[in-house]
Amino acid sequence: MKKFLALFLVAVMTLGCMTMFASCGDNTDGKGMTESPLPAPEIKGTVEIPAEFKIGFIFLHDENSTYDANFINAANAVKKALNLSDDQVIMKKNIAESDDCYNAAIELADKGCKVVFADSFGHESFMLQAAQARPDTEFCHATGTLAHTAGVPNYHNAFANIYEGRYLAGIVAGLKLNEMIENGTITADKAVMGYVGAFTYAEVISGLTSTYLGAKSVCPSVTMKVQFTGSWYAEDLEQEAATALINAGAVLMSQHADSMGAPSACEIAGVPDVSYNGSTFDACPETFLVSSAINWAPYFQLIIESAVKGEAIPADWCGGIKEGSVVLSGINEDAAAEGSLKAVEDAIAEFKAGTLHVFDTSKDNFITVNGQKLTTYMADVNTDANYEKDTEAIKNGYFAESEYRSAPYFDLTIDGIEFLNSKF
Amino acid sequence: MKNPKNKEQNAEVREPLIHITKRDMSTVKRSITVRAIAILAALVLAGIATMLLTKNNPIKVYASFFEGAFGSSTQVWSTMKNLALLLGISLAITPAYRMRFWNTGAEGQVLIGCLATAFMMWKFNTSIESGSMPEWLLILLMLVVAVVSGIIWGVIPAIFKAQWGTNETLFTLMMNYVAIQLIEYFLKVADRSGSNTVGPTILRHGWLPEFGISRYLIGIIVVALLTVFMYIYLRYSKHGYEIAVVGESENTARYIGISVKKVIIRTMALSGALCGLMGFLIVAGNTHSIDPDLVAGRGFTAIMVSWLAKFNPLYMLLTSFLLVFLSQGATEVSTSFGLNDDYSEIVTGIILFFIIGCEFFLNYEVHINRSRLAAIFGRKPAADEAEKEAE
């Protein structure tokens, strides 16, 4: 039985490898990737860091998770750029979202860390407790929602305007759809994007809507179908979801989930893909278009230097394109439509000038719900037991995402986007 | 060896190079020596592995091990807490294993206790805040509901086993997944922000008092009392005797008039109740939060603790301490030397290999046949002589 199982597994793996090689063959003839239109900026220290300064990091997993790897890489980049020694940067990995997080935070504070940072949403309430127990240490938490109302001066939240990055990636997707329409591969009404999402939370909905709007800004007939997996990392589910979407008519794909499931399904099916949190070009050279990601280095630099200078860290910080918190990979010229780079660079310039808003509710035929333009929307910005909608999010003709709180709160389903399942 | 000339020669020729006999009993001195050698050998091997893999000074690495477990008061409390959790769950499953009931569902039985506790905290948050319910009543309610749910989770497979002889290993194992899924469902209902955990900002009341010392204090005391109780229960009570008899032979038990069904169900009810109690202590005392990974595999590690200690609660204290010390220490090593968690798992693996391996030398004696050994190393004449002598 064991022997049979072993043989069977070997056979499956061999077949798997063969399909991988067949689909992702080497691509030496192609034009390859452009330079990134929005690279991570160089880190330049603005203040001398004393030798006794220490910062502690708490990560939910280790480098094997793409989510944590994004934080760990940024922490290492800042460590190197600011010339911090191994003793000055303490990283605790695989810390669960329980009292383990509280203990780790207290331990780091007691070891002399001036700043303690934690990376997972579920760490938040324990970080808040630790902040109350150690008022002389700064506690910073990514993706959380409590700092702006908690009134604990040494507790802070941070996020990034990643919806701007997704909008830019969406432009590349929209131009690719236009190319398909011009070539006659599809008709304009068949311009369907697929999207593999993890959960139906605001963070995911904000991301998929901004991708959709980026595409719609150049390809007005685009529609989107969304399949949720109910997990942040499930390679098989993500691959299945992507395949289901392709079968449902999606001619282009994007995702917000952490595995290679969706990109590799696209490579096998030859469907162009906008990925997230880093380039998948090496694995999928035929179909990868572009990828957006959050760069945490500017925030880490900010909290380290603020602590050294004795300046207050903002309670709720949201980095954008200007701060270098939103980055793009290069664009794959073998897959993307001509002129993509130029269009993205133009939009970046507009973002920098402040003239472009992703969730622009004043534009005609752009954001509608049940055929109506959006003029008012109460968002749930302040955390409370009853999930009360407490803040008017629309001002000056756009939905002010991440302005009243860094963590996303856009949770509307707009016309043109269809959820194939929504149980998560 | 065909057609042996006589019996004697047959015996001589068949004698293997190495043969193993069961020891009657190891003396205390012997068992301590063998175990100490095993731990020492394991530490040396782990040190060599560390040195080769990381080029770090092994002495520094060992120092860091102690630092991880006893470096600061936070770490000492954390070690004590983890020790109490592992020991408590091991104690809870011990009566069942003593009875040779393969309960692989301790994880789920503890989790369902956690869920029951968290559910009550969530449900009565507002009653406490409006003052319509005193805090002590909530804590009592949490305790009762947690213990009852633990009993239900333990007794269901026990009834099936007692009545219809179903396989308890698979049954209890599957009950774990039911508990995990129920917690997943609770997370969705109790916290709509999409967190993977429901934390102290939502479960605001029903926390066990800290007495200004540590939130882990009550849990540690309860587990200490439980250790004494379990020692007496298994050793000196009639129930303990019945459990031992059923474990050795169900037929004997029937013959001397023990109701096997009753003992199975009663023992699993006790196991389940104690698991439920541990779940209550975890949520109400330690974490004030719930997620499906809260027990972190301790329900399975407990099986090893219980068996390694041969169901003796006092030895279980030592084995669980060793495991907790190892995991805390190895985590510290990976943090201070920039390694990831895989390293701590390698070290724990090496040490466990030796600890479990040394049990073999305690239970069995190894005899090496010197004349065969000599024959192998090329002293053939001697072997021939031996053969002639036999003739």
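Modeller: Domain bounds in what follows come from an automatic or database domain assignment, and for chain A that assignment gives domain 1 (55–160 + 296–319) and domain 2 (162–295 + 325–419). The C-alpha centres of these two domains of chain A lie 29 Å apart. This is a predicted model, in which local features need pLDDT of at least 70 and side-chain atom pairs count only at pLDDT 80 or more, while totals for chains, interfaces and linings use all residues. Residues are numbered from 1 along each chain as its sequence is written, and chains are lettered from A and ligands numbered from 1 in the order in which they are written.

Colleague: How do you know that residues of domain 1 of chain A are in contact with residues of domain 2 of chain A?

Modeller: Contact is a distance criterion, met by two residues if their C-beta atoms, placed from the backbone, lie within 7 Å. By that test, 23 residues of domain 1 of chain A are in contact with 17 residues of domain 2 of chain A. On the domain 1 side, α2, α5 (147–150), β5 (155–160), α10 and β11 of chain A each supply at least two residues, where helices (H or I, at least four residues) and strands (E, at least two) are DSSP runs, numbered from the N terminus. That side of domain 1 of chain A has 12 nonpolar, 10 polar and 1 charged residues, with Ala, Val, Leu, Ile, Met, Phe, Trp, Tyr, Cys and Pro counted as nonpolar, Asp, Glu, Lys and Arg as charged, and the others, Gly among them, as polar.

Colleague: Why are α2(A) and α10(A) called oblique to each other?

Modeller: In general, two packed helices are described by the angle between their axes and the distance between the axes. Helix α2 (residues 66–81) and helix α10 (residues 297–309) of chain A pack at about 50°, with their axes 8 Å apart; axes are lines fitted to C-alpha atoms, for helices over the stretch in contact, and angles run from 0 to 180 degrees between N-to-C directions. Angles under 35 degrees count as roughly parallel, over 145 as roughly antiparallel, 65 to 115 as roughly perpendicular and the rest as oblique, so α2(A) and α10(A) are oblique to each other. Their crossing is right-handed, that is, the near helix is turned clockwise from the far one by less than a right angle, whereas an anticlockwise turn would be left-handed. The residues in this contact include A:Ala74 and A:Val78 of α2(A), and A:Phe300 and A:Ile304 of α10(A); by class there are 7 nonpolar, 1 polar and no charged.

Colleague: What makes α4(B) and α13(B) oblique as well?

Modeller: α4(B) and helix α13 (residues 313–336) of chain B pack at about 135°, with their axes 9 Å apart, and by the same reading of the angle they are therefore oblique. The crossing of α4(B) and α13(B) is right-handed. Among the residues in contact are B:Leu83 and B:Leu87 of α4(B), and B:Met316 and B:Phe321 of α13(B), and the contact divides into 11 nonpolar, 6 polar and no charged residues.

Colleague: Why are β2 and β11 of chain A said to stand at the edges?

Modeller: The open sheet of 6 strands in chain A has the order β2-β1-β3-β4-β5-β11, with parallel pairing, and two strands count as paired if DSSP finds at least two bridges between them. β2 (89–92) and β11 (316–319) of chain A each have a single partner strand, so one side of each is left without a neighbour in the sheet. The twist averages 20° from one strand to the next.

Colleague: How do you know that β3 and β4 of chain A pair?

Modeller: Strand β3 (residues 115–118) and strand β4 (residues 138–142) of chain A share 4 bridges in the parallel sense, and A:Ala118 stands opposite A:His141 in β4(A). Helix α3 (residues 99–110) of chain A packs on this sheet, touching β1 (55–58), β2, β3 and β4, and its direction makes about 155° with that of β3(A).

Colleague: What makes β12 and β19 of chain A the edges of the sheet of 7 strands?

Modeller: That open sheet has the order β12-β10-β9-β8-β6-β7-β19 in chain A, and its pairing is mixed. β12 (326–328) and β19 (417–419) of chain A have a single partner strand each, so one side of each is left without a neighbour in the sheet. Within it, strand β6 (residues 192–197) and strand β7 (residues 223–228) of chain A pair in the parallel sense over 6 bridges, and A:Gly197 has A:Phe228 as its bridge partner in β7(A).
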